[in-house]
Every structure is written in structure tokens, then in C-alpha cells.
Amino acid sequence: VFSDGTNTFIGEIPNPVCTTAASSAYVDQYIAARNFIDSHIAHGNVNNVNIPDVEVTGVAFIDPAHGQTGKAPNNIEFHPILDIHFYSAAGLADERAGKLLSVSLFPNPAHTKVTVNVVSKTEALQNCSLQLFDAKADCIGTFDLPLSDARTISQSLDISSLPPGTYIYKIISKGSPVYDGKLLIR
């Protein structure tokens with residue numbers, strides 16, 4: 001629920017492990033928006049989080065009243081939210097630009113092996129791994145990601161034992177998720 005102190009408005013981001021959301025052309029945007037919230041606002045179910053002004057991009061959706069908390073008087077909400085940016089005193093500042101990792105998994109779709117490349121632009125990586133989740137959001141595997149140096153990973157993973165499907169992966173560093181994405185196995 002967004003609030004300016006007086007008015008409220010609902011925004012929703014689809015769960016990227018949901019089958020319908022995972023097959024959407026926008027799944028990477030859902031994942032990035034969820035990562036942004038987890039990293040910069042809060043993780044899990046929380047209330048009364050005070051943050052600076054943000055710019056939210058989403059699709060307008062009329063959701064008829066059904067007892068939801070924080071609904072706008074005209075029942076409009078953002079569903080889905082596609083992007084979030086913090087404002088700064090100098091204007092719109094993308095807080096993620098200097099902190100996001102450059103992450104690629106290839107080939108994607110993959111069959112028996114996938115190569116994971118991660119480059120951190122600012123922060124050192126530590127104790128990294130890749131967690132893989134199935135469509136039911138069950139963690140089906142964790143793969144260690146040894147560092148090439150403090151900010152770089154390049155690791156080939158054997159995925160030949162995994163069945164074909166759509167998977168969500170999380171890159172973990174220092175015990176916390178730092179990036180999510182989608183991997184297709186054929």
C-alpha cells in the first residue's frame with residue numbers, strides 16, 4: 001500500500017514462481033521489482049515502512065472492492081508493478097544503478113549445463129551460491145559459486161539431473177539474496 005500521508009493506493013507484483021507469471025514476458029521486471037523491495041525497503045510481510053518518495057511504473061488495473069486494505073477510492077491499483085525508483089533531491093536517482101550486479105546465465109534455455117557469470121559493480125561478493133526453485137517455490141538445489149576475484153564469478157553448473165521446466169534462481173552473497181532471475185531447462 002502506497003501512501004502520501006492522506007491518500008492510499010495498492011500496488012502488486014506477481015510472484016515470479018507462479019506458473020502464469022513465470023511464463024510472462026515481464027517476469028524479469030517482476031523479479032527486479034521484488035529484488036528492489038527486498039533490498040531497499042523490507043523483506044516479507046511488514047507494516048508502516050517509511051521510505052523516501054519513489055516513482056513506480058505499473059499497469060493500471062481496476063480491482064472491485066473486496067475488503068482490501070489501502071484501496072484507492074476509485075479502486076484503481078498498479079497490478080503488476082514493473083519498476084521502482086527512489087527520488088533524490090536532485091531529481092530521479094536510480095539507486096540500483098551502482099549496486100546491481102551484472103548477471104547472466106547461458107545458455108538460457110539450458111539443457112545439461114549452464115554457465116553463471118556475475119560481476120558486482122561496487123560491493124565485494126562473499127560465500128556465493130545459486131539457489132534454484134521450482135514452480136511450487138520449493139528450493140530444489142543449491143550450487144556453490146566460487147569467486148574468480150572479489151567481484152567476479154564465472155562458473156559452469158551441471159543441471160543434467162533436473163527435469164525440464166521454468167525455474168527461479170537466486171544469487172546469494174553473504175547469506176542474503178542479491179539477485180533473482182528465470183532459468184528455462186529444456
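Three aromatic pairs turn up in a search of the whole structure, which is a predicted model. Take F2 and F9 to begin. Their ring centres lie 6.5 Å apart, and their planes meet at 40°. Planes under 30 degrees apart would count as stacked, and planes over 60 as edge-to-face. The angle here is 40°, so the F2 and F9 pair is tilted.

How open are these two rings to the outside? F2 has a relative accessibility of 28%, so F2 counts as partly exposed. F9 is partly exposed too, with a relative accessible area of 22%. The cut-off matters for F9: buried means under 20%.

F9 has another partner, F78. This aromatic pair is edge-to-face, with 5.1 Å from centre to centre and 85° between the planes. Now look at where the partners sit. F9 belongs to strand 2, residues 8-11, while F78 belongs to strand 4, residues 76-88. The two parts are 69 residues apart in sequence, so the pair ties together distant stretches of the chain. Put the ring pairs together, and F2, F9 and F78 are linked into a cluster.

Stay with strand 4 for a moment. P80 lies in this strand. The peptide bond between H79 and P80 is cis, with omega at about 15°. Most peptide bonds are trans, so a cis bond is worth a second look. There is another one further along. N108 and P109 are joined by a cis peptide bond, with omega near 20°. P109 is not in a strand but in the loop between strand 6 (101-106) and strand 7 (113-120).

Next come two backbone angles. Most residues other than glycine have a negative phi. N75 has a positive one, near 65°. N75 sits in the loop between strand 3 (54-62) and strand 4. Is N75 buried or exposed? Its relative accessibility is 18%, and so N75 counts as buried. K174 also has a positive phi, near 55°. K174 is in the loop between strand 12 (165-173) and strand 13 (176-185). With 43% relative accessibility, K174 counts as partly exposed.

Go back to strand 6, the strand before the loop with P109. Strand 6 has two faces. L101, V103 and L105 make up the covered face. S102, S104 and F106 make up the uncovered face. Which way does strand 6 run against strand 7? The two pair in the antiparallel sense, over six bridges. Within this pairing, F106 stands opposite T115 in strand 7. Strands 6 and 7 form a hairpin, and six residues lie between them.

The last stop is an open sheet. It has four strands in the order 9-8-12-13, and their pairing is antiparallel. Strand 9 (139-144) and strand 13 are the edge strands, as each pairs on one side only. From one strand to the next, the twist averages 25°. Look inside the sheet at strand 8, residues 129-133. Five bridges join strand 8 to strand 12, and the two run antiparallel. Here L130 stands opposite I171 in strand 12. Strand 12 also leads to the loop that holds K174, with strand 13 on the other side of that loop.

Terms used
Residues numbered from 1 in each chain as written. Predicted model: local features only at pLDDT ≥ 70, side-chain atom pairs only at ≥ 80, totals over all residues. Heavy atoms only, no water. Phe/Tyr/Trp six-rings, centres within 6.5 Å; stacked < 30°, edge-to-face > 60°. Buried < 20%, exposed > 50% of the residue type's maximum accessible area, 1.4 Å probe, protein only. Pairing = 2+ DSSP bridges. Axes fitted to C-alpha atoms, helices over the stretch in contact; angles between N-to-C directions.
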